[in-house]
Amino acid sequence: MAATPQQIADRLGQRYSAGFVTDIESDVVPPGLDEDVVRLISAKKGEPDWLTQWRLQAFRHWLTLPMPEWAKLDIAPIDFQAVSYYAAPNQKNRPKSLDEVDPKLLETFDKLGVPLHERARLAGVAVDAVFDSVSVGTTFRKELAEVGVIFCSFSEAVREHPELVRKYLGTVVPHTDNFFAALNSAVFSDGSFVFIPRGVRCPMELSTYFRINARDTGQFERTLIVAEDDSQVSYLEGCTAPMRDENQLHAAVVELVALDRAQIKYSTVQNWYPGDENGVGGIYNFVTKRGACRGVRSKISWTQVETGSAITWKYPSCVLLGEESVGEFYSVALTHHRQQADTGTKMIHLGRNTRSKIVAKGISAGRGQQTYRGLVKVQPTAAGARNHTQCDSLLIGKQCGAHTFPYIEVRHPDAVVEHEATTSKISEDQLFYCRARGIGEEDAVSMIVDGFCREVFRELPMEFAVEAKRLLEVSLEGAVG
Amino acid sequence: MLTIDDLHVSVAGKAILKGLDLVVQPGEVHAIMGPNGAGKSTLAAVLAGREGYEVTAGSVRFHDADLLALAPEERAAAGVFLAFQYPVEIPGVNNTYFLRAAYNAQRKARGEPELDSVQFLRRVREKLKILSLPEDLLHRGVNSGFSGGEKKRNEIFQMAVLEPALAVLDETDSGLDIDALRQVAEGVNSLRSAQRGFVLITHYQRLLDYVVPDFVHVLADGRIVESGGPGLAGELEAHGYAWVADRKVGGAA
Ligand SMILES: Nc1ncnc2c1ncn2[C@@H]1O[C@H](COP(=O)(O)OP(=O)(O)OP(=O)(O)O)[C@@H](O)[C@H]1O
Ligand SMILES: [Mg+2]
């Protein structure tokens with residue numbers, strides 16, 4: 001018997017549990033992009049003139065750029081004039097505390113498992129919740145302020161700490177970096193700002209939860225994390241969006257700065273709506289993430305679990321400037337049905353004795369297409385540089401694909417650059433072995449996949465490792481049989 | 001408990017089992033011997049429910065059920081265990097975690113309560129003592145990087161934890177050193193009970209010195225061609241399989 005559209009939707013809804021829409025009145029800027037829209041966004045946020053000018057400069061540069069086409073992605077042309085670049089839930093006055101936030105918004109984050117109220121907050125994790133183009137609120141601010149840590153929305157940072165924002169904004173990812181970075185620089189809405197002062201080890205995990213809700217809008221967040229000398233921070237971001245038939249655009253920029261001996265650990269669990277089985281709908285995820293290890297022995301570690309989005313274009317990178325600085329990239333990317341991902345990292349070795357480590361795990365199922373694209377570059381200044389890259393692909397079924405493009409440029413004779421790559425299928429033997437022990441097929445697949453991802457999951461904070469594992473299971477439903 | 005009646009099985013269109021009969025009662029240990037390529041592993045695979053084996057005639061009943069109608073995991077839950085001739089590696093999946101998942105999946109399927117990790121660990125520790133397996137095997141990936149002997153012992157360990165009603169061991173003794181062989185044999189003996197049946201597929205008398213079977217069968221060319229008591233294994237070792245074939249040809253003529 002054929003399922004009714006409603007039944008199908010119900011089933012899909014179970015698969016993508018974050019697919020609901022919050023019914024809330026929003027202030028949406030009409031679709032289209034020109035200098036007036038850029039000025040309007042800046043004005044809505046009450047920004048200083050330097051920032052408005054900074055945006056305009058980026059916008060003018062963006063106009064000169066073509067959309068990049070080098071990635072192994074099949075993308076229908078995007079009409080950038082059909083997108084609305086700003087949407088904010090209507091709120092009378094800017095809420096001064098979480099108590100004043102619209103209950104509907106709080107409810108939304110409750111449903112997503114990120115409660116914001118005092119009584120239900122996640123223990124030991126401070127959360128900044130971003131809904132469409134604005135931050136709804138940030139938890140644990142007082143506790144963090146006591147140790148000098150600044151954790152707030154980007155807009156607020158512009159108001160409260162303009163000198164810090166101005167000092168670091170665009171210094172890691174300049175607006176000239178690429179098409180999407182230029183676009184983001186022109187229209188970025190909210191995101192998070194983190195500042196860890198000298199010598200402070202951030203007492204809790206910081207996290208931002210990004211939610212796209214409004215129809216036909218893009219989300220363009222901007223995150224900036226600065227860790228001063230001898231400081232440490234672990235930051236995580238999560239992302240979800242409603243199920244819609246139209247593709248929605250998400251183009252973020254994340255900049256990290258680590259000074260002497262500072263350590264930044266940045267983890268992402270990306271679960272944007274991936275589209276349906278036939279590739280209808282889903283988020284286009286074009287992200288530029290880069291960290292600069294500016295100080296000696298500084299360390300930046302990226303961990304990403306990418307299960308969502310119709311299209312993922314993302315290469316979190318490290319510029320290893322400080323002597324003996326360390327860059328790490330741990331990634332699990334999953335593409336199922338018609339999802340496509342072109343993701344990887346860049347490790348740019350500039351300082352002496354810099355080290356980098358790349359562990360990339362790609363899982364493809366259904367008609368999913370996945371590409372690992374990585375660059376390891378050792379400049380003449382980087383005596384003693386070392387890199388180790390491990391790049392594994394796991395295929396489930398016969399119609400998916402996995403591709404690997406490791407680029408290596410070594411300009412110092414001392415450098416040691418190692419690359420290992422494997423491609424495997426979940427074998428019949430493994431499945432049968434599990435089943436012969438009593439484990440059902442779907443459970444066997446998720447167990448094997450989980451084993452495959454172990455090295456990466458190990459890098460995630462505990463609660464998120466559990467969440468990541470669950471997400472993979474849900475995303476792989478129906479991948480075998 | 002297990003009744004195999006006139007079983008015919010083809011693999012890739014080729015007939016491998018050609019009318020095999022075997023009855024195993026609770027408490028019995030049956031040894032199956034036979035030349036390479038005779039179909040011993042095929043029998044084991046069919047009992048465990050591996051895909052790609054086409055049953056063209058005959059039946060297999062386990063207790064009151066049609067075993068062939070069950071999915072592999074259902075057979076496991078019903079109490080059928082296969083120790084693989086070539087145990088499979090699953091990298092990154094913790095051995096204990098795997099075994100607990102298997103154990104609890106079986107219990108769940110039988111409507112029994114699942115064990116939490118503390119309860120399960122206690123059980124694992126007990127079994128470990130009996131088998132004198134090194135504890136670090138518990139924390140490694142399933143069979144990954146295990147030596148041949150370690151893999152075989154891990155199979156027996158799994159069997160000990162899962163406590164199946166019927167255990168089919170496919171050449172678990174092959175490739176073991178003397179001490180490991182003794183440990184495997186002890187593992188099997190410690191599980192022998194009035195309720196449990198064993199089918200031991202082996203090429204060597206050696207195992208049967210330690211695990212004395214109730215019956216020995218010779219599987220050749222897809223059939224059981226000879227059955228006897230434990231003494232038959234010794235005769236086979238002395239005379240080779242040709243001796244059985246000659247006798248059969250003589251008898252048929
Ligand atoms: N997948 C397959 N495709 C084709 N032939 C197969 C397949 N599996 C088994 N066979 C054949 O079936 C026959 C029986 O194989 P089986 O593994 O059951 O023998 P065995 O008695 O266990 O032998 P051994 O003592 O060497 O383990 C062999 O001729 C083998 O080549
Ligand atoms: Mg065999």
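A residue counts as buried here when its relative accessible area is under 20%, as exposed when that area is over 50%, and as partly exposed in between. This tour moves through a predicted model, and that cut-off is needed at the opening stop.

**C152(A) and strand β5**

Select C152(A), which is found in strand β5 of chain A, a strand running over residues 150–153. C152(A) has a relative accessible area of 1% and is therefore buried. If you display the surroundings and leave out residues up to four places away in sequence, you will find that C152(A) touches D128(A), T138(A), R141(A), A157(A), G191(A), S192(A) and F193(A). A distance drawn from the C-alpha atom of C152(A) to that of T208(A) spans 9.7 Å, while the two residues are 56 residues apart along the chain.

**S207(A) and strand β7**

Next, pick S207(A), in strand β7 of chain A, which covers residues 205–211. With a relative accessibility of 5%, S207(A) counts as buried. Setting aside the neighbours within four places in sequence, the contacts of S207(A) are V125(A), A126(A), V127(A), D128(A), F151(A) and L236(A). D128(A) will be familiar from the previous stop, since it is also touched by C152(A).

**Helix α8 of chain A**

Now select residues 179–187 of chain A, which form helix α8, a mostly covered helix in which nine of its nine residues are buried. The buried set runs through F179(A), F180(A), A181(A), A182(A), L183(A), N184(A), S185(A), A186(A) and V187(A). To see what covers these residues, colour the surrounding elements of chain A, which include the helices α2 (35–44) and α3 (49–63) as well as the strands β8 (222–227), β10 (247–258), β12 (282–293) and β14 (311–314). At the N-terminal end of the helix, add N178(A), which acts as a cap, with a side-chain oxygen 2.8 Å from the backbone nitrogen of F180(A).

**K299(A) and strand β13**

Move on to K299(A), which lies in strand β13 of chain A, residues 299–306. Because its relative accessible area is 26%, K299(A) is classed as partly exposed. Beyond the neighbours within four places in sequence, K299(A) is in contact with A262(A), Q263(A), I264(A), C293(A), V326(A) and E328(A). For a sense of distance, E221(A) is 78 residues from K299(A) in sequence and 24 Å from it in space, taken from C-alpha to C-alpha.

**Two loops with positive phi**

Select H337(A), in the loop of chain A that joins β16 (326–335) to β17 (340–349). H337(A) is not a glycine, yet its phi is positive, at about 50 degrees. Then go to N353(A), in the loop between β17 and β18 (355–365) of chain A. N353(A), likewise not a glycine, has a positive phi of about 55 degrees. N353(A) is partly exposed, with a relative accessible area of 35%.

**Where chain A meets chain B**

Show both chains and select the residues at their contact, which takes 19 residues from chain A and 32 residues from chain B. Between them the two chains bury about 2000 Å², 63% of it on carbon and sulfur atoms. On the side of chain A, highlight F432(A), Y433(A) and R437(A), which supply 40% of the area that chain A buries against chain B, more than any other three residues.

**Helix α1 of chain B**

In chain B, select helix α1, residues 40–48. This helix is largely enclosed by the rest of the structure, because eight of its nine residues are buried. Those residues are K40(B), T42(B), L43(B), A44(B), A45(B), V46(B), L47(B) and A48(B). The helix is followed by G49(B), whose phi is positive, near 95 degrees.

**Ligand 1**

Finally, centre the view on ligand 1, which has 14 residues around it, with G37(B), K40(B), S41(B), T42(B) and H203(B) coming nearest. The helix just visited, α1(B), provides three residues, the largest share of this shell, and both it and strand β2 (14–24) of chain B each supply at least two. By class, the shell is made up of four nonpolar, seven polar and three charged residues. Three distances are worth drawing from oxygen atoms of the ligand: one of 2.9 Å to a polar backbone atom of G39(B), one of 3.2 Å to a side-chain N or O atom of E171(B), and one of 2.9 Å to a side-chain N or O atom of H203(B). Taken on its own, ligand 1 has 640 Å² of accessible area, of which the protein covers 63%.

Key:
Residues are numbered from 1 along each chain as its sequence is written. Chains are lettered from A and ligands numbered from 1 in the order in which they are written. This is a predicted model: local features need pLDDT of at least 70, side-chain atom pairs count only at pLDDT 80 or more; totals for chains, interfaces and linings use all residues. Side-chain values use heavy atoms; hydrogens and water are left out. A residue is near a molecule or strand if one of its heavy atoms lies within 4 Å of it. A polar contact is a pair of N or O atoms within 3.5 Å; within protein, one must be able to donate a hydrogen and the other to accept it, and residues adjacent in sequence count only if both atoms are side-chain atoms. Accessible areas come from the Shrake-Rupley method with a 1.4 Å probe; for residues, only the protein chains shown count as cover. Helices (H or I, at least four residues) and strands (E, at least two) are DSSP runs, numbered from the N terminus. Ala, Val, Leu, Ile, Met, Phe, Trp, Tyr, Cys and Pro count as nonpolar, Asp, Glu, Lys and Arg as charged, and the others, Gly among them, as polar. Buried means under 20% relative accessible area, exposed over 50%, partly exposed in between (1.4 Å probe, protein chains only). Contact means heavy atoms within 4.5 Å. Buried area is the accessible area (1.4 Å probe) that two parts lose on being put together, summed over both.
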